Amino acid sequence: MRARPGCRMPRWGDITTLSALPKLAAKILVTVLIGGFLGATLMRLAPGFGVDEEELDARLSAQSIQALRATREADSNLFVFYFRYLSRLLRGDLGNSRTLQRPVSQSVAERLPETLKSLVLGLALGWSAGFLLAVAIVMSRAWYLDLLGSLLVGVLLCLPAAVLALLFVLAQAPARLLLGLVVFPKIFRYSRNLLARSSALPHVLTARAKGLGNMRVLIWHILPTAAPQLLALLGVTVSVAFTAAIPMEALCDLPGIGQLAWKAALGRDVALLVNLTMIVTLVTLVANSVSDMVGKTFRVSET
Amino acid sequence: MKWARTTAIVFLLAVSAACLLANFIAPASYAHQFRDEPNAAPSRQHLLGTDDLGRDRFSRVLYGTRVSLLLAPAAALLSSLLAAFIGGIAGFAGGWVERCVMAGTDLFLSLPWLFLLITVRALLPLNVSPIVSVLITFAMLGCLGWAGAARIICADAQALAQSDFILLARASGSDGLRLLWRHLLPNLKPILFAQFWISVPVFILTEANLGILGLGVAEPLPSWGSLLRELEGFSSISGQAWQLIPLILFILVVSSFHLVLTKEELPI
């Protein structure tokens with residue numbers, strides 16, 4: 001690829017990228033630890049904490065019940081409880097689900113791949129449709145295409161993901177595509193505005209005036225300017241897709257962690273919910289950090 | 001697009017007026033059951049028919065819209081005020097205060113919105129009245145929705161804190177609180193106003209999602225979430241098209257909220 005002034009493709013070996021990695025990992029770790037503490041606090045304060053079904057066993061004597069309670073007494077201190085929770089977490093033990101009567105880690109291991117599959121498919125679909133439509137509108141400057149796109153996006157932005165899921169069930173459409181429909185309007189709107197702003201920059205206008213073709217203007221002049229902000233959107237769309245996974249999986253009966261979270265909420269299984277929230281937060285944080293880092297690499301290489 | 005904005009405002013005003021006058025317009029109470037007429041088709045007595053429990057759908061749409069249209073702006077106001085307080089102080093103070101507050105905001109933003117909401121919802125007591133459940137739902141939305149707006153307000157407050165008129169005010173002896181109250185906050189009004197209008201449809205949509213999942217407002221009080229939940233029993237569009245009217249009204253109201261802000265007021 002020919003090197004041109006003002007625009008260089010990013011390289012992963014850039015010093016800025018590598019030196020940012022430990023800082024980023026530390027940031028994620030601290031965020032997860034604080035998030036974990038908040039989660040543990042929620043679990044500790046949840047109604048029913050410290051109550052065990054075993055205590056209802058009529059065969060147990062008062063001493064046995066007392067002994068059972070004594071084993072849980074140490075958990076009454078929030079910090080001790082968090083320390084124990086954290087040490088269990090380090091061993092991969094996420095505790096037991098009250099509603100499912102099985103280890104949380106087992107349920108998560110079974111269901112997370114399902115959700116990730118839907119997520120990847122939905123994001124790929126939403127990004128390609130939204131970005132390509134935005135590019136087509138900005139480059140062609142066709143008002144009817146813009147109007148059509150805006151109307152479609154306007155309607156989609158007004159529909160809750162749960163309604164879309166119900167309509168998918170009604171139409172017997174493949175449910176996994178729903179996440180694509182949820183992220184599509186956000187990507188389209190943001191990309192169109194960003195590309196339109198970039199295409200109005202003086203250097204782009206000069207390039208056009210010099211007679212450069214649409215494709216060359218897009219690839220060499222518009223996209224490099226818009227790329228860092230577009231990449232930052234990637235992390236945000238992961239979070240949006242995870243959120244939409246709950247109604248999609250709950251209403252379309254897909255066995256992912258969204259459905260698990262919904263069942264846990266209905267069964268008031270706070271331990272399961274907090275662990276799921278932590279896992280989703282971790283995935284979202286990693287996605288956000290990666291997209292931020294790639295965006296920064298683009299910025300560095302542009303200067 | 002001035003005409004679209006005007007139309008949206010007029011439409012919102014008309015819908016709000018109809019909902020506020022629901023006690024006079026609605027032919028029946030939202031909870032009253034016409035037990036002989038479950039799932040009735042539209043008629044002169046029941047303009048939008050009845051639901052599977054025999055409740056007048058038109059009345060439920062009016063009362064449900066009232067719940068969402070009154071409480072979503074209240075939740076948006078709460079979240080905007082929280083954002084103004086947190087973001088304003090962080091931006092104005094700068095230094096370690098800003099870094100700490102923004103780290104907390106980042107943490108809050110990393111938490112998946114709906115996961116967090118259903119976790120908090122699961123912690124709340126079960127035996128609450130419908131009115132309390134609706135208040136809890138929207139208060140939760142208001143308390144958890146401030147983070148994004150706080151970040152924007154912090155950036156704006158930071159820029160304002162370094163502007164010439166603030167420097168002049170400092171030079172003429174204005175202290176911290178006076179500067180914040182008299183000079184900074186009035187200049188943050190436009191951004192707060194935009195954040196408020198952006199939050200309203202977001203909260204309406206979130207409540208609808210929670211309601212459809214059965215985690216929102218408790219029955220028999222209607223809200224858009226519980227009204228849209230009826231679509232679960234919907235089998236064909238041609239046979240029961242009137243059941244789609246709440247959905248159409250919902251789309252119109254939410255899109256009207258989107259149209260209220262001009263292009264310049266909207267973030268990119």
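# Exercises on a predicted two-chain model

Of the 303 residues of chain A, 37% count as buried. Keep in mind that the model is predicted, and work through the exercises below with the structure open.

**Exercise 1. Work out the fold pattern of chain A and where its confidence drops.**

Step 1: tally the secondary structure. Chain A has 11 helices and two strands.

Step 2: put them in order. Going along the sequence gives α-α-α-β-β-α-α-α-α-α-α-α-α.

Step 3: look at the contacts with a separation of 6 or more. In chain A, 75% of these link residues 24 or more positions apart.

Step 4: check the confidence. The average pLDDT of chain A is 80, and 83% of the residues score at least 70. Residues 1-13 of chain A are a weak spot: pLDDT stays under 50 there, and the model has 12 contacts for them beyond four places in sequence.

**Exercise 2. Find the hubs of the largest nonpolar core and follow one of them outwards.**

Step 1: the core holds 127 residues, and those touching the most other members are V182(A), A241(A), M248(A), A261(A), L273(A) and L276(A). Helix 9 of chain A, residues 214-252, is the top contributor with 16 residues.

Step 2: pick L273(A) and list its partners, skipping residues up to four places away in sequence. In chain A they are A261(A), A264(A) and A265(A). In chain B they are I118(B), T119(B) and A122(B).

**Exercise 3. Describe the side of chain A that touches chain B.**

Step 1: count the residues. 41 residues of chain A are in contact with 31 residues of chain B.

Step 2: assign them to elements. Those of chain A giving two or more residues include helix 1 (15-45), helix 5 (143-157), helix 7 (178-199) and helix 10 (257-266). Helix 11 of chain A supplies the largest share, 10 residues.

Step 3: sort by class. This side of chain A has 30 nonpolar, 10 polar and one charged residues.

**Exercise 4. Test the geometry of helix 6 of chain B, then see how it is packed.**

Step 1: get the expected span. Helix 6 of chain B covers residues 130-144, so at 1.5 Å a residue its 15 residues should span 21 Å, counting one less than the number of residues.

Step 2: compare with the model. The end C-alpha atoms of helix 6 are 21 Å apart, which agrees.

Step 3: list the buried residues of this helix: S133(B), V134(B), T137(B), F138(B), L141(B) and G142(B). An α-helix has 3.6 residues a turn, so residues three or four places apart point the same way.

Step 4: find the cover. Helix 3 (57-93) and helix 9 (176-212) of chain B are among what lies over those buried residues.

**Exercise 5. Track down the unusual backbone angles and place each one.**

Step 1: recall the baseline. Most residues other than glycine have a negative phi, and most peptide bonds are trans.

Step 2: take R141(A). Its phi is positive, about 55 degrees, although R141(A) is not a glycine. R141(A) sits in the loop between helix 4 (104-140) and helix 5 of chain A. With 10 other C-beta atoms within 10 Å, R141(A) is exposed, because the cut-off is 12 or fewer.

Step 3: take N39(B). Phi of N39(B) is also positive, near 55 degrees, and N39(B) belongs to the loop between helix 2 (22-25) and helix 3 of chain B. N39(B) has 14 other C-beta atoms within 10 Å, so N39(B) is partly exposed.

Step 4: check omega. E219(B) and P220(B) are joined by a cis peptide bond with omega about 5 degrees. P220(B) is in the loop between helix 9 and helix 10 (224-228) of chain B.

Notes. Residues are numbered from 1 along each chain as its sequence is written. Chains are lettered from A and ligands numbered from 1 in the order in which they are written. This is a predicted model: local features need pLDDT of at least 70, side-chain atom pairs count only at pLDDT 80 or more; totals for chains, interfaces and linings use all residues. A nonpolar core is a set of buried Ala, Val, Leu, Ile, Met, Phe, Trp, Tyr and Cys residues joined through C-beta atoms within 7 Å. A residue is buried if 20 or more other C-beta atoms lie within 10 Å of its own, exposed if 12 or fewer, and partly exposed in between; C-beta atoms are placed from the backbone. Helices (H or I, at least four residues) and strands (E, at least two) are DSSP runs, numbered from the N terminus. Two residues are in contact if their C-beta atoms, placed from the backbone, lie within 7 Å. Ala, Val, Leu, Ile, Met, Phe, Trp, Tyr, Cys and Pro count as nonpolar, Asp, Glu, Lys and Arg as charged, and the others, Gly among them, as polar. pLDDT is the predictor's confidence in each residue, from 0 to 100.
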